[in-house]
Amino acid sequence: FFLLIMMANDPFACFGGDGSSSSSDDDDARTNNMEKADRLRDKSNFEQPSAVTDLLHKHESSFEMFDATLASGKGLRAVVAYKQGDEIMRETAIMRIPNSQPAASREAAEQLHKNVIQRAYNSLHYESQKSVMALASCNEDGTDVARTPQGVYNTNSFRLENDPKGGLFLTIARINHSCRPNVTHFWSPRLQQKLIFAARDI
């Protein structure tokens, strides 16, 4: 679930929701939009020194990062209008981590999970590591515990539909939660990307 703040008439327009409950008409609209969309197409974050910086710079005419509040940190807001059904963005995960680990105990599974996240983080470009660690960690921030890659991943990652691995998306992670969503999101196995569409006019 996400929040996107519009700079025009509706300053608290939100965007989010889960695409799994959409109708077949919505699915058809998504398919059509996938074919014609020109935003964030076919560019893997793994190819970018800093995914957040490069993606926002390339598509700065569509949305921008901003400081929301001290409590919620940085977010994204639209700087152009979107119609219902428009594709807003698509993004490749910077990290893909198995959702579960085979182990003899919960503690062992959690340690394996932590180790896999750390290895994936260590393999990233230094600038991408900085972008990952700039995201929030809800169980570590505001405490005496230092922010860790595991804390950031567990806070910001998505389980992906019908996929054994979850994903961390640097730009999508900046879209804040809302109880009044105005976008929907879903995972495309064909593209290996998560797509964001306007669920209503923004």
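Colleague: How many salt bridges does the structure hold?
Modeller: Happy to help! This is a predicted model, in which local features need pLDDT of at least 70 and side-chain atom pairs 80 or more, while totals for chains, interfaces and linings use all residues. Residues are numbered from 1 along each chain as its sequence is written, and side-chain values use heavy atoms, without hydrogens and water. Counting a salt bridge as a Lys or Arg side-chain nitrogen within 4 Å of an Asp or Glu carboxyl oxygen, the structure holds six.

Colleague: How far apart are the closest N and O atoms of lysine 83 and aspartate 201?
Modeller: Lysine 83 and aspartate 201 form a salt bridge. Their closest N and O atoms are separated by 4.0 Å.

Colleague: How many residues apart in sequence are the parts that this pair ties together?
Modeller: Lysine 83 sits in the loop between strands E3 (73-78) and E4 (87-91), whereas aspartate 201 follows strand E9 (193-198). Strands (E, at least two residues) and helices (H or I, at least four) are DSSP runs numbered from the N terminus. The pair therefore ties together parts whose separation in sequence is 118 residues.

Colleague: How are H3 and H5 oriented: roughly parallel or roughly perpendicular?
Modeller: Their axes (lines fitted to C-alpha atoms over the stretch in contact, with N-to-C angles from 0 to 180 degrees) come within 9 Å and cross at roughly 100°. Since 65 to 115 degrees is the perpendicular class, with under 35 parallel, over 145 antiparallel and the rest oblique, H3 and H5 are roughly perpendicular.

Colleague: Which residues of H5 make the contact with H3?
Modeller: Contact means heavy atoms within 4.5 Å. H3 brings Glu110, His113, Lys114, Ile117, Gln118 and Tyr121. H5 answers with Pro149, Gln150, Tyr153 and Asn154.
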